[in-house]
Amino acid sequence: MGTRQLKLPKLLLLLTFTGMCTAKNDILFSVFTVTSKSMTVQWSGQTGASSYKITATPKNSPDQPVSTQFSGNTVMGSVNSLSPNTLYTMQLEAFGDTSNVIGRAETEETTAPEVPSIDKAYSKNSDSITVEFALVLGASSYILRAESKSGHFFSETSVSTSPATIVQLRPYTDYHLSIMSVNSGGRSQHSYPTEARTVVTAPQMNTSSPSNNTILVTWPPVEDAVLYTLCIIREGSSTRHKLNTTGTMVTFHDLEAGTTYCIKGTAWDSEGRTGDDLTVCQITRPQPPDLTMVTVSQGRALSLAVYWLPVQGASYYIASTSDGLNCSTDYSYCYINPVNCGQNHTVRVNAYNQAGSSGPSQPAQYKTYPCPPENIWVEEPSAGNCSVIWDEVSQVDHYVTFIKRDDGTEKSCNTTETTCSFFCMCGYTYFTSVFPYNQAGSSLFSPVRNYTTIPCCPQNVSVQLLSTETVEILWSPVKGAELYETTAAAQTKDVIHCNDTSPVCALSDLECNAAYNVTVMPCSELRGCNHTCRAYSIKTAPCAPEILNITQTNSSTYTVHISCPNHHNANYSITATGRFDSHSCRSNSSSCQLTGLSCGSTFQVTAVATTTVGRSLPSYSKILETGPCCPASINVTQVSQAMTSVTWSPGKGARSFIATLTSPRGHAKCHTLDTHCVMGCITCGTNYSVHLEAISSTGHQSECKYQGFSSSPCCPTGIKLYPRANSTLRVCWRSLGPQVHRHIVDLYGTKANYTCVAASGSLYCDIQNITCGDVYTAMVVPVGPHGAKVTFCQPRTFSVPGSNAGFVISRGKRSLK
């Protein structure tokens, strides 16, 4: 039982010193467990307690109270020497250091009843033991305890009275048994244990009836059993037959057929105790029935009627023929329907119950008309020569064969053989049936086998090339053809298929420049395709070449290099198409020259192969961009002694230009998007070669050469004036280049101007009738090969004294402007 707790009111403690005060304390106090003569209690600790006292006072009983002392650190204790089945008031007192009570608590509880005693323990079943014990006063129930001697099993069962049985035990096993009494306070101690052993189990019998007068009983050996007792009794009878055996198999003989017998089996242990018993019932097999009549009914479907006398103990009957047909029934007759034709067999009847089948009855014979052949087929060893063939049928005198064509034509043949020949045309379906005959008549039906001849080969086959890789085939429809399979086979053994129900087919994705054998085969679902039809030859268009490379031969001629996928039987045409014109060339090799292509133009180049079959698809095109056109004219003008200005006309297709002046004494170059540029570092008196490169937006270049350019003679240096006699003034200078040019001296004064032409190679020139006392500007310039004066030489200013004596004084340079 569970513990009960009591929360006591706070106690007042009286202190006798200078006055009176109270202390309030709460102690939790409860009964932990009880037995017949003891109680164990537990409590919460009291602060300041040095010891505890437990007093058990019986209520409604003359017995004296029982007390027990405990130390201050104890919270659980037992009170012994109590009376069984008695209600006690349990009081707890807590004492301080001065032996004063500082806390108190109470609760009530009943002790357990007296310990009962076992009178007898015995086992009637292999899984239980029954215990008889003396009842005790005050017990509301009892607890029966069982524990195996090996310690592997322990069980407690609550019971209300004696005797009591504990179950779920193991067969033939020793157990310790004890009993405890129970009331509201708890349970008593268990009684002194008693030993008992369970009995053995019953044999698990399996029964069968091998024949209609015997029953066989078998069972697996029962552990710890030394003897078995079997008792058999017929259902509805009081006669019993008992036998003992140490084996595990018994056969009971001389029993009645179709009768139920019950067998009870018991095992004995070595102590002579019988164990559990088990009863099973078994019926014997019935006797074979007696056949009374067998009849065969003729009609669209044959049936066999079988009659017999009923037998005792039969649950149902099965009549079966010697060829495997049967019928099952609860009555004394049944019908086997349908019975096979062409039979010459026997029929027997067996009776059945739960034990099995009886022996068969005596057989009865019956006979029917012949059956139709199971297998009928048509063979066609050669086209048009067909034969109907069938399996031989037993009990037949002759056969009649009917052959009907799908257009209504029919023929028949009468034969004792199993074959019939007939003429069969292609594209037709023939329906055949065979009827066997004997003295009983003809079979009532025959399976119809249809045979379809192979479709005929199509006529008026037309094969033509639609495109470079597609062939179209047309033909007349064929009778019996459900599908046409068209194939194109190349020498490479690649086969292209086309299946269609219409008499037209297009075979695409053929190889270019290849020869194909095209065959149209009509097909039917039953016979497949006619593979004897002739083939038609056709060649496909040549393969398209590939432009491999384009190289420039000169400014207007380009060589196109192509692949030759068609070997040596094709001509190739190459076309370059521009915005305003086109050019083409033809070749049977791998290259071809395009001539007359205009500069500064873009052409799309394609190649096409041609054979006797036709033209190929054009090759993938490549873009050909010719070099830009050279400007028609160029003009070089010298701006100063070391600088020139070059201008030129526009060039078609040119986006930028590189102008170059080249000489043994150096060169000048400029790169520009314009049609002019200025170049410095020109050496005077030098012959230059003039070159121009025209460059397109994609980087194509054209080299342009023009007439050479000669720079102007060098301007003289070191110009000086020397007065001479007779009012003559000599002008002298130095020349940077060879003295092959003439020089012209112009002298400009405020009063007069003078001109002097020096001879070629001369470095001075004399001017007559000079007015003295004037300031002069002297200009000495060389004269070019064509008589043109150099215009960019710088003038010098001189002051000429008034007398002819003395030096001429230079006053520095002065611009002519």
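Two strands count as paired here if DSSP finds at least two bridges between them. Keep that in mind for a small piece of this predicted model: an open sheet of three strands, ordered S39-S40-S43, with antiparallel pairing. Strand S39 (462–467) and strand S43 (504–507) sit at the edges, each pairing on one side only. On average, neighbouring strands in this sheet are turned by 20° against each other, if you ignore direction. Zoom in on strand S40 (residues 470–474) and you'll find four bridges joining S40 to S43, the two running antiparallel. One spot to look at is Val471, which stands opposite Leu507 in S43.

Now scroll back towards the start of the chain for the largest nonpolar core, which has 21 residues. The members that touch the most other members are Phe29, Trp43, Ile54, Met90 and Leu92. Strands S2 (28–34), S3 (39–43), S4 (51–58), S5 (66–71), S7 (87–95) and S8 (101–110) each give two or more residues to this core, and the largest share, four residues, comes from S7. What does Ile54 touch, leaving out residues up to four places away in sequence? Its contacts include Phe29, Val41, Trp43, Val66, Phe70, Val79, Met90 and Leu92, along with Ser67, Thr68 and Gln91. There's also a second, separate core of 20 residues, with Leu304, Cys327, Val339 and Val349 among them. As a general backdrop, nonpolar side chains tend to be buried together in soluble globular proteins.

On to the charged side chains, where the count comes to 14 salt bridges. One of them joins Glu93 and Arg104, at 3.2 Å from N to O. Glu93 lies in strand S7 and Arg104 in strand S8, so this pair ties together parts that are eleven residues apart in sequence. Is Glu93 buried or exposed? At 11% relative accessibility Glu93 counts as buried, because the cut-off is under 20%. Its partner Arg104, at 29%, counts as partly exposed.

Farther along the chain, Asp174 and Arg197 form a salt bridge with their closest N and O atoms 2.6 Å apart. This one links strand S14 (residues 174–182) with strand S15 (residues 194–197), spanning 23 residues. Asp174 has a relative accessible area of 24% and is partly exposed; Arg197 is partly exposed too, also with 24%. Arg197 forms a salt bridge with Glu271 as well, at 2.5 Å. Glu271 sits in the loop between strand S21 (260–268) and strand S22 (274–283), 74 residues from Arg197, and is partly exposed at 47%. Put together, Asp174, Arg197, Asp269, Glu271 and Arg273 are linked in a network of salt bridges.

Definitions and conventions: Residues numbered from 1 in each chain as written. Predicted model: local features only at pLDDT ≥ 70, side-chain atom pairs only at ≥ 80, totals over all residues. Heavy atoms only, no water. Core = buried A, V, L, I, M, F, W, Y, C linked by side-chain atoms within 4.5 Å. Buried < 20%, exposed > 50% of the residue type's maximum accessible area, 1.4 Å probe, protein only. Contact = heavy atoms within 4.5 Å. Axes fitted to C-alpha atoms, helices over the stretch in contact; angles between N-to-C directions. Salt bridge = Lys/Arg side-chain N within 4 Å of Asp/Glu carboxyl O.
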